[in-house]
Amino acid sequence: MAVHEPAHRTPGFRLPSSRSNHTTPASESAVSAHSGTHAARAYAFASLRLLTGFVFLWAFLDKTFGLGYATPSGKGWIDGGSPTKGFLSSVAAGPMESTFHSWAGATAVDWLFMLGLLGVGVALVAGVALRFAAVAGILMMAFMWVAEWPPAQHLADGSPSMSSNPFVDYHLIYAVALIVLAAVSAGDTLGLGRLWAKLPLVRRSPWLQ
């Protein structure tokens, strides 16, 4: 006859389970750190977006009303001045020098330039249509880069161009910033990006995001 030992159980004693659903303090700290990093990154991109948008908006306002900074008082667009004539007529280097001279002060060029400044500025500050704003802004920056032509060491009259870098200047930095802001959906933080993305038209046309 087989003899079975009675099973002894210790009340309240359990081995730890690897399938526990409880979050350990270490994992909680990791999640918190990740959330904090994500939030910091989102606010950093939002700050970059707002500052870049202000650059475009301020240029529009100064050139429109002649606020006395880059555009003298009384010489604004609203006073009959041309926002492109001074800059384009002073181009003195690069492969499009004569082309820019012919464009200087043209009504269509003035309107395209000013609408570009306003549109990109409003889009960045509001945090909407960042992809469209990036394309428009990059085109503007590309034309302005060619107009200043950083690769040139000398101007057409032989004087030094005073270029500090043959390739990278602030126009290129702005262009890259626009690409980054659109790529990371920077309008979702401190902006209207999430609401904009829910609009039926934007849902049907992702390029408007």
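Student: How much area does the protein chain expose, and what share of it do carbon and sulfur atoms supply?

Tutor: This is a predicted model, in which local features need pLDDT of at least 70, side-chain atom pairs count only at pLDDT 80 or more, and totals for chains, interfaces and linings use all residues. Residues are numbered from 1 along each chain as its sequence is written, and side-chain values use heavy atoms, with hydrogens and water left out. Accessible areas come from the Shrake-Rupley method with a 1.4 Å probe; for residues, only the protein chains shown count as cover. The protein chain exposes about 13900 Å², and the share from carbon and sulfur atoms is 65%.

Student: Where does pLDDT stay under 50?

Tutor: pLDDT is the predictor's confidence in each residue, from 0 to 100. The chain has a mean of 89, with 84% of its residues at 70 or more. Where pLDDT is low, the predicted coordinates should not be read in detail. The stretch under 50, with zero contacts (heavy atoms within 4.5 Å) beyond four places in sequence, is residues 1-20.

Student: How many helices does the protein chain have?

Tutor: Helices (H or I, at least four residues) and strands (E, at least two) are DSSP runs, numbered from the N terminus. Zero strands occur in the protein chain, and the helices come to eight.

Student: Is threonine 52 buried or exposed?

Tutor: Threonine 52 is found in helix 1 and touches Leu124, Tyr174, Leu178 and Leu181, not counting residues up to four places away in sequence. Buried means under 20% relative accessible area, exposed over 50%, and partly exposed in between (1.4 Å probe, protein chains only). Because its relative accessibility is 4%, threonine 52 counts as buried.

Student: Which residue forms an edge-to-face aromatic pair with tryptophan 145?

Tutor: Rings of Phe, Tyr and Trp (its six-membered ring) pair if their centres lie within 6.5 Å; planes under 30 degrees apart count as stacked, over 60 as edge-to-face and the rest as tilted. The structure holds nine aromatic pairs. In one of them, the centres are 6.2 Å apart and the planes stand at 70°, and the partner of tryptophan 145 is phenylalanine 167.

Student: What area does the nonpolar surface patch that includes Leu61 have?

Tutor: Leucine 61 lies in helix 1 and is partly exposed, with a relative accessible area of 34%. Its partners in the patch are Phe54, Trp58, Phe65, Leu67, Tyr69 and Ile78, and ring pairs link Phe54, Trp58 and Tyr69 into a cluster. The area of the patch is about 730 Å².

Methods: Patch = residues over 30% accessible without salt bridge, like charges linked within 9 Å, V, L, I, M, F, W, Y side chains within 5 Å. Salt bridge = Lys/Arg side-chain N within 4 Å of Asp/Glu carboxyl O.
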